Amino acid sequence: ADAAALLLAARRAWSEGTLADVAATRDGITAIGARLPRPDIRWWPAARTASIELAAGRLEAAEAAIERAARLGRELRVVAAAPTARAQQLTMLYLGGTLGTAADALAQFAAAPDAVLGVVAGYGLACVEAGDQDGTAAVARRLAAEPQLLVQAGASWPLTAMCAAEVAVAAGHRPLARSVRASLERFGGTGLALH
């Protein structure tokens, strides 16, 4: 119950608090992990540290923290660790202004039949940044074909929403823009907690 309360408090801290508030929830989870050694509870603070470094714009520290969290997640076999690390790496490239350079590398992940929608959308944004109009248009069509795009994206919905909106604008793809807007419109005027 304490861990669940801190996880919910972390979401609230991201949307209404400061990075110090987020760090306090991370520290609380770390203490719980010492007495309740569940793999996800042990991994979560490492992933949160990477998110804090990204939010603070400390990209070098973020890169090291992302790698530490990903390694710990692999060791503990936490299913969410790999997708979280990929989303954080995409965010780091985006914040550093180098996302376009990753377009070719992301293409293979986005083309996989089991590709996470956040990765597909991230690839689309990389295509936008790289000036690849054909790649951008292909991703826009693929995302627009997903029924309930953001619901299907699962935990990566914030990344998917941001990237898909940029892809829709760059490609001039109205169906994708309508899909993203329809998913978010009912939440207008409320605070959405993002990664």
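Helices (H or I, at least four residues) and strands (E, at least two) are DSSP runs, numbered from the N terminus. This is a predicted model, in which local features need pLDDT of at least 70 and side-chain atom pairs count only at pLDDT 80 or more, while totals for chains, interfaces and linings use all residues. Residues are numbered from 1 along each chain as its sequence is written, and side-chain values use heavy atoms, with hydrogens and water left out.

**Exercise 1. The whole fold**

Task: Work out which pattern the protein follows along the sequence, and check its radius of gyration against that of a compact globule.

Solution:
- Step 1. Start with the secondary structure: there are 11 helices and zero strands.
- Step 2. Read along the sequence to get α-α-α-α-α-α-α-α-α-α-α.
- Step 3. Apply the globule rule, 2.2 Å times the number of residues to the power 0.38, with the radius of gyration taken over C-alpha atoms.
- Step 4. For 195 residues the rule gives a value near 16 Å, and the protein has 17 Å, so the two agree.
- Step 5. Look at the box too: along the principal axes, the C-alpha atoms fill roughly 50 × 35 × 30 Å.

**Exercise 2. Helix H8**

Task: Compare the expected span of helix H8 with the distance between its end C-alpha atoms, then find which residues of H8 are buried.

Solution:
- Step 1. The expected span is 1.5 Å times one less than the number of residues.
- Step 2. H8 covers residues 133-144, which is 12 residues, so it should span 16 Å; its end C-alpha atoms are 16 Å apart, in agreement.
- Step 3. Now sort by accessibility: buried means under 20% relative accessible area, exposed over 50%, and partly exposed in between (1.4 Å probe, protein chains only).
- Step 4. The buried residues of H8 are Gly-135, Thr-136, Val-139, Ala-140 and Leu-143.
- Step 5. Seen down the axis of H8, these buried residues fall within an arc of 135°, so they line one face of the helix; the arc is that of the directions from the helix axis to the C-beta atoms.
- Step 6. Turned away from that buried side are the exposed residues Gln-133, Asp-134 and Arg-141.

**Exercise 3. Cys-163 and its helix**

Task: Is Cys-163 buried or exposed, and with which residues is it in contact beyond its neighbours within four places in sequence?

Solution:
- Step 1. Place the residue: Cys-163 lies in helix H10.
- Step 2. Its relative accessibility is 2%, so Cys-163 counts as buried.
- Step 3. Contact means heavy atoms within 4.5 Å. With neighbours within four places in sequence set aside, Cys-163 is in contact with Ala-121, Gly-122 and Leu-125.
- Step 4. Cys-163 and Gly-124 are 39 residues apart in sequence, yet their C-alpha atoms are 7.1 Å apart in space.
- Step 5. Widen the view to the helix: the buried residues of H10 pack against H7 and H8, among others.

**Exercise 4. Positive phi**

Task: Where are Arg-77 and Gln-148, and what is the phi of Arg-77 and of Gln-148?

Solution:
- Step 1. Recall the background: most residues other than glycine have a negative phi.
- Step 2. Arg-77 sits in the loop between H4 and H5, and it has a positive phi of about 60° although it is not a glycine.
- Step 3. Gln-148 sits in the loop between H8 and H9, with a positive phi near 50°.
- Step 4. Check accessibility: Arg-77 is at 74%, so it counts as exposed, and Gln-148 is exposed with a relative accessible area of 56%.
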